[in-house]
Amino acid sequence: MTRKTRVSRRLRQQVAQRAGYCCGYCRTPERITGHRMTLAHIIPEAQGGQTVIENLWLACVACNEFKGVRWLWVQAGWWPPED
Ligand SMILES: [Zn+2]
């Protein structure tokens, strides 16, 4: 079961600013992708993740398609990499 929560424009703005307008996965800046980034849950809602700024980051179109795989990486402790 997937429960979708609407993300307000304001929250999206806060997340984008916090992320530096870069994809949370590949760090590509939004202005380079040429596409509006998707707001992605770090912990999926289906796994109990909440729609709060701490659990959201930006995902470019390419990464968003793979976020199911990334979630496995997160669970395995491989993601996100330390800066
Ligand atoms: Zn990306």
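Student: In what pattern do the helices and strands follow one another along the sequence of the protein?

Tutor: Helices (H or I, at least four residues) and strands (E, at least two) are DSSP runs, numbered from the N terminus. Here the pattern along the sequence reads α-α-β-β-α-α, which comes to four helices and two strands. Please keep in mind that this is a predicted model, where local features need pLDDT of at least 70, side-chain atom pairs count only at pLDDT 80 or more, and totals for chains, interfaces and linings use all residues. Residues are numbered from 1 along each chain as its sequence is written.

Student: What does the pLDDT average in the protein?

Tutor: pLDDT is the predictor's confidence in each residue, from 0 to 100. The protein averages 83, and 84% of the residues score at least 70. Among the elements, α1 has the highest mean pLDDT, 94, while helix α4 (residues 67-76) has the lowest, 70. Where pLDDT is low, the predicted coordinates should not be read in detail.

Student: How do the two strands run, and how many bridges join them?

Tutor: Two strands pair if DSSP finds at least two bridges between them. Strand β1 (residues 38-41) and β2 run antiparallel, joined by four bridges. For one bridge to look up, take A40: its partner in β2 is W57.

Student: Which residues of β2 point one way, and which the other way?

Tutor: L56 and L58 point one way, W57 and A59 the other, and all of them are buried. A residue is buried if 20 or more other C-beta atoms lie within 10 Å of its own, exposed if 12 or fewer, and partly exposed in between, with C-beta atoms placed from the backbone. Of the 83 residues of the protein, 16% count as buried.

Student: Which residues make up the largest nonpolar core?

Tutor: A nonpolar core is a set of buried Ala, Val, Leu, Ile, Met, Phe, Trp, Tyr and Cys residues joined through C-beta atoms within 7 Å. In soluble globular proteins, nonpolar side chains tend to be buried together. The largest core here has 11 residues: V15, C23, Y25, M37, A40, L56, W57, L58, A59, C60 and C63. Strand β2 (residues 56-59) gives the most to this core, with four residues.

Student: How should I read contacts along the chain, and what share of them join residues at least 24 apart?

Tutor: Two residues are in contact if their C-beta atoms, placed from the backbone, lie within 7 Å. Among contacts between residues at least 6 apart in sequence, 59% join residues at least 24 apart. Try N64, placed in helix α3 (residues 61-64). Setting aside residues up to four places away in sequence, N64 touches T38, A40 and A59. The C-alpha atoms of N64 and T38 are separated by 7.2 Å, although the two residues are 26 residues apart along the chain.

Student: Why does N64 count as partly exposed?

Tutor: N64 is partly exposed because 18 other C-beta atoms lie within 10 Å.

Student: What does R12 touch, and where is R12 placed?

Tutor: R12 is in helix α1. Not counting residues up to four places away in sequence, R12 touches V7 and L39. The C-alpha atoms of R12 and W57 are separated by 8.8 Å, with their positions 45 residues apart along the chain. R12 is partly exposed, because 17 other C-beta atoms lie within 10 Å.

Student: Where is A19, and with which residues is A19 in contact?

Tutor: A19 is in the loop between α1 and α2. Leaving aside neighbours within four places in sequence, A19 is in contact with G24, W57 and L58. From A19 to L56, C-alpha to C-alpha, the distance is 9.4 Å. A19 is partly exposed, with 19 other C-beta atoms within 10 Å.

Student: Is G20 buried or exposed?

Tutor: G20 lies in the loop between α1 and α2, and G20 counts as exposed because there are 11 C-beta neighbours inside 10 Å. G20 and E30 are 9.1 Å apart, C-alpha to C-alpha.

Student: What is the phi of Y21, and what is the phi of R27?

Tutor: Y21 has a phi near 60 degrees, a positive value in a residue other than glycine. R27 is not a glycine either, and its phi is positive, about 70 degrees. Y21 is found in the loop between α1 (9-18) and α2 (30-33), and R27 lies in the loop between α1 and α2. Y21 is partly exposed, with 14 other C-beta atoms within 10 Å; R27 is partly exposed, with 13.
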